[in-house]
Amino acid sequence: MAWVLLLFVSSALAQSTSGKIDVLIVDGFSNHDWKQTTEITRMILEESKLFNVSVSTIPSDTTNAAWRRWNPKFSSYDVIIQNTNNINNEACRWPRHVEKALEKYVAGGGGLYILHSANNAFSDWEEYNIMIGLGWRAKDQGVALQVNNYGEVVTIPSGKGKATYHGPREDEIIYILNDHPINTGFPKAWKTPDMELYKYARGPAENLAVLSYAKDEKTDLNWPVDWVISYGKGRVYNSSMGHLWKGMTYPLGYRCIGFQTVMIRALEWLAMGKTTYALPADFPTATTMNLSPEKTDIKRNH
C-alpha cells in the first residue's frame, strides 16, 4: 500500500485553560441544512467531552452592514469548522478581510475542518482551493485523483474525465489507504451508511495525502473519501462524508459511529497533531454498521 508522509508543524495556538480543544463552527448559508449540521456537529463534539464549541454565523446578505462587520477571531480557536457553501448562490461569500484572516490563521499553524458541502464552496477563492486540496469543481478546475487496485493514487489532469458528481447515496465500505493518527486502530475496511461518494473531486491537490477511498460499484473505480492537506504550518482535513440535506433529521450518516469517530479524531489531530480518542468497541466493520441512538429534539433548517 502506498505511503505518503506529510510533515506538519504543531499548532502554536494556545489551548483552552479547561484542557479542551476550542472549536469554532462558521455557518450562515448553504444549499444543505447548515443549521442542523451545526447543531449535530456541536452535539457529537460536546458528548465526547474533548471540545469547547462556539459558533459564528455570517449574515448572508452582503449588502448588510452586519456582513461587513462580521470578523470572527480565528486566533482564539484551535480549529475552525467550515460549514458554509455558496455553490447555488455565488453572491453569498465571506468579506475579503475574513478570507485573508483564515488564510493567515491556517498558514500560521491553525487547523481547518472542511465539513462536507464546504468543499463545494468558493471556487473562485484561489487560496481556499489550495487549502482544501480537492472540491466540487468543474472539469477544468484542477486535477482529480483516483486510487487504483494496487493502492496507488492516480492523477487525472484538468480537463480530462468529468466535473465532480455523485450518484445516489449508498452504504459504502471505506478502505484505509494510508495510516494516520486519525485512523489508528481502524479496521482496514469499515462500512458507513447512506454516503455520497464524490467522483472527480478536483483542485490543486498540493501537499495532500489520501487517507481512505471507496469503490463506485457501477464503474469499478476507486475514489478518495477523506484526505489531509498541509497549508503553510497548518493542517486541513476534507471529506465527502457528512451529507445533511434539508428535510432530513439526524440522518444515518451522522449517526454512524465510524463517522463520529473520524470527526472527533480529525479535530484532535488538526489541533494537536495527535489523537487521544479511543476507538469505540462498536466501531463498524466491513460487514457491520453501528449507529448511535436516534434523537427527537434536533432542530431542522426549513
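In this predicted model, Glu170 stands opposite Met195 in strand E8, a position that belongs to the pairing of strand E7 (residues 170–176) with strand E8 (residues 189–195), where five bridges join the two in an antiparallel arrangement. E7 also pairs with strand E10 (residues 208–216), again in the antiparallel sense but over two bridges, and on that side Tyr175 stands opposite Tyr213 in E10.

**Confidence**

The chain averages a pLDDT of 94, and 93% of the residues score at least 70. Residues 1–15 have a pLDDT below 50, although this stretch has 39 contacts in the model beyond near neighbours in sequence. Where pLDDT is low, predicted coordinates should not be read in detail.

**Nonpolar cores and helix H6**

The largest nonpolar core has 47 residues, and those with the most contacts inside it are Leu45, Tyr113, Trp190, Tyr237 and Leu267. Helix H6 (residues 257–272) supplies the largest share of this core, nine residues. A second core, separate from this one, has 37 residues and includes Phe29, Tyr105, Ile114 and Ile132.

Which residues does Leu267 contact, leaving aside its neighbours within four places in sequence? Leu267 is in contact with Ile21, Leu45, Phe51, Val79, Ile81 and Tyr113; of these partners, Leu45 and Tyr113 are themselves listed among the residues with the most contacts inside the largest core.

H6 has 16 residues and reaches 22 Å from its first C-alpha to its last, which is close to the 22 Å expected at 1.5 Å a residue. The helix is mostly covered, with 15 of its 16 residues buried. Just after H6, Gly273 takes a positive phi of about 80 degrees.

**Salt bridges**

A search of the whole structure finds seven salt bridges, and three of them are set out below with the separation of their N and O atoms.

| Basic residue | Acidic residue | N to O distance |
|---|---|---|
| Lys295 | Glu47 | 3.5 Å |
| Arg169 | Asp194 | 3.2 Å |
| Lys188 | Asp179 | 3.1 Å |

The side chains of Glu47 and Lys295 meet in a salt bridge. Glu47 lies in helix H1 (residues 34–47) and Lys295 in the segment after H6, so the pair ties together parts that are 248 residues apart in sequence. Lys295 is partly exposed, with a relative accessible area of 30%.

The side chains of Arg169 and Asp194 likewise meet in a salt bridge. This pair links distant parts of the chain, since Arg169 is in the loop between strand E6 (153–156) and E7 while Asp194 is in strand E8, 25 residues apart. Both partners are partly exposed, Arg169 at 34% relative accessibility and Asp194 at 23%.

In the salt bridge between Lys188 and Asp179, Lys188 is exposed, with a relative accessible area of 55%, whereas Asp179 counts as partly exposed at 45% relative accessibility. Elsewhere, Arg96, Glu99 and Glu103 are linked in a network of salt bridges.

**Thr155 in strand E6**

Thr155 has its place in strand E6 and is partly exposed, with a relative accessible area of 48%. Not counting residues up to four places away in sequence, Thr155 touches Val143, Ala144 and Leu145. The C-alpha atoms of Thr155 and Glu103, which are 52 residues apart along the chain, are separated by 26 Å; Glu103 is one of the residues in the salt-bridge network described above.

**Backbone at Asp220 and Tyr250**

Most residues other than glycine have a negative phi. Asp220 has a positive phi of about 65 degrees although it is not a glycine, and Tyr250 has a positive phi of about 40 degrees although it, too, is not a glycine.

Are these two residues buried or exposed, or in between? Asp220, which lies in the loop between E10 and strand E11 (221–231), is partly exposed, with a relative accessible area of 45%. Tyr250, which lies in the loop between strand E12 (234–239) and helix H5 (252–255), is buried, because its relative accessible area of 5% is under the 20% cut-off.

Key:
Residues are numbered from 1 along each chain as its sequence is written. Side-chain values use heavy atoms; hydrogens and water are left out. A nonpolar core is a set of buried Ala, Val, Leu, Ile, Met, Phe, Trp, Tyr and Cys residues joined through side-chain atoms within 4.5 Å. Buried means under 20% relative accessible area, exposed over 50%, partly exposed in between (1.4 Å probe, protein chains only). Helices (H or I, at least four residues) and strands (E, at least two) are DSSP runs, numbered from the N terminus. Contact means heavy atoms within 4.5 Å. Two strands pair if DSSP finds at least two bridges between them. A salt bridge is a side-chain nitrogen of Lys or Arg within 4 Å of a carboxyl oxygen of Asp or Glu. The expected span of a helix is 1.5 Å times one less than its number of residues. pLDDT is the predictor's confidence in each residue, from 0 to 100.
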